[in-house]
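Trainee: Could you take me through one part of this model in detail? I'd like to hear about one of the helices, its ends and its neighbours.

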Amino acid sequence: MTLSDSNGNICSTWEFNFSDFDLKKDPHVESSINLLRSNGLDFEKIRRDGIEGRVFVGKFLEILSRHRNLKWVTFHGLYDLAYMLKLLSGNPLPGSVFDFIKLASGYFEYVYDIKFMARFCDGLMGGELGLNRAAKILNLERSGDAHNAGSDSLLTAAVFARMRKMYRIDERFIIGFLYGISARIPIFRREMMVPLHCHPYVPPPSCPRVVYCGRPLLPQPHYYVPVQLARFPC
């Protein structure tokens with residue numbers, strides 16, 4: 001995930017590795033796993049040292065509930081967005097495109113897909129190109145290895161900034177469109193549900209434990225933290 005301002009000045013990049021994926025149990029395509037391994041991903045280390053998806057979700061939803069007018073930039077981002085929606089909602093993906101874009105609009109207000117944008121830019125092969133090829137045409141260099149989330153995110157931000165500067169695209173005609181589907185994500189923010197247990201909690205004096213993100217610092221058998229929901233106006 002890369003942050004930048006409205007002028008394309010890049011602030012910083014983070015890469016989140018989730019420990020939930022288990023090669024021994026979860027369905028996967030072996031060729032894809034081999035490709036990621038060849039680009040430096042250590043699935044055993046991620047499984048051991050990565051963060052749990054539910055911990056990320058709570059904090060990420062809190063950020064979304066506090067900030068408006070965020071712009072989300074992807075490259076051929078249909079599958080990326082689908083993964084994020086499944087992670088954030090905690091539910092299977094919708095069965096129709098209409099329900100998918102409706103769900104997406106509840107979390108992501110302004111979405112840009114560079115591969116879709118490239119259709120309207122001279123010299124970018126009508127959008128039929130990959131991220132590395134687009135960066136090369138725009139005279140941008142990658143930092144890090146391809147197919148690593150942090151490196152891909154940083155390059156995506158740089159390509160988007162360069163395209164906006166070079167082509168001066170009218171964003172009204174590209175916002176909300178994802179390469180691969182014809183439906184457009186509407187600009188709409190619903191009231192977002194944020195798990196209360198993902199906020200710092202200071203218990204009353206009678207409670208001997210301090211609980212953060214739903215976990216007791218001094219765990220005991222059969223001890224559970226009830227999950228509550230708080231509403232934040234968006």
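Mentor: Let's look closely at helix H8, with a quick glance at H4 for company. Keep in mind that this is a predicted model. H8 runs over residues 149-167, which gives it 19 residues. From first C-alpha to last, H8 reaches 26 Å, close to the 27 Å expected at 1.5 Å a residue.

Now for what H8 hides. Its buried residues are Gly150, Ser151, Ser153, Leu155, Thr156, Ala157, Val159, Phe160 and Met163. They have plenty of partners: the strands E1, E2 (10-13), E3 (71-74) and E4 (110-113), plus the helices H6 (114-117) and H7 (131-137). Right after H8 comes arginine 168, with a positive phi near 50 degrees.

E1 has a neighbour worth a look too. Methionine 1 sits in the segment before strand E1 (2-4), and this residue is partly exposed, at a relative accessible area of 31%. Methionine 1 also belongs to a nonpolar surface patch with Leu3, Trp14, Phe16 and Ile51, and together they have about 420 Å² of accessible area.

As for H4, that helix covers residues 78-89 and spans 16 Å, close to the expected 16 Å. Buried in H4 are Leu78, Leu81, Ala82, Met84, Leu85 and Leu88. Seen down the axis, these buried residues fall within an arc of 165 degrees, so they line one face of H4. They pack against helices H3 (53-66) and H5 (97-107). Just past H4, glycine 90 takes a positive phi of about 75 degrees.

Technical notes: Residues numbered from 1 in each chain as written. Predicted model: local features only at pLDDT ≥ 70, side-chain atom pairs only at ≥ 80, totals over all residues. Heavy atoms only, no water. Helix = DSSP H or I, 4+ residues; strand = E, 2+ residues; numbered from the N terminus. Expected span 1.5 Å × (residues − 1). Buried < 20%, exposed > 50% of the residue type's maximum accessible area, 1.4 Å probe, protein only. Arc of directions from axis to C-beta. Contact = heavy atoms within 4.5 Å. Patch = residues over 30% accessible without salt bridge, like charges linked within 9 Å, V, L, I, M, F, W, Y side chains within 5 Å. Areas by Shrake-Rupley, 256 points an atom, 1.4 Å probe, with all protein chains shown as cover. Salt bridge = Lys/Arg side-chain N within 4 Å of Asp/Glu carboxyl O.
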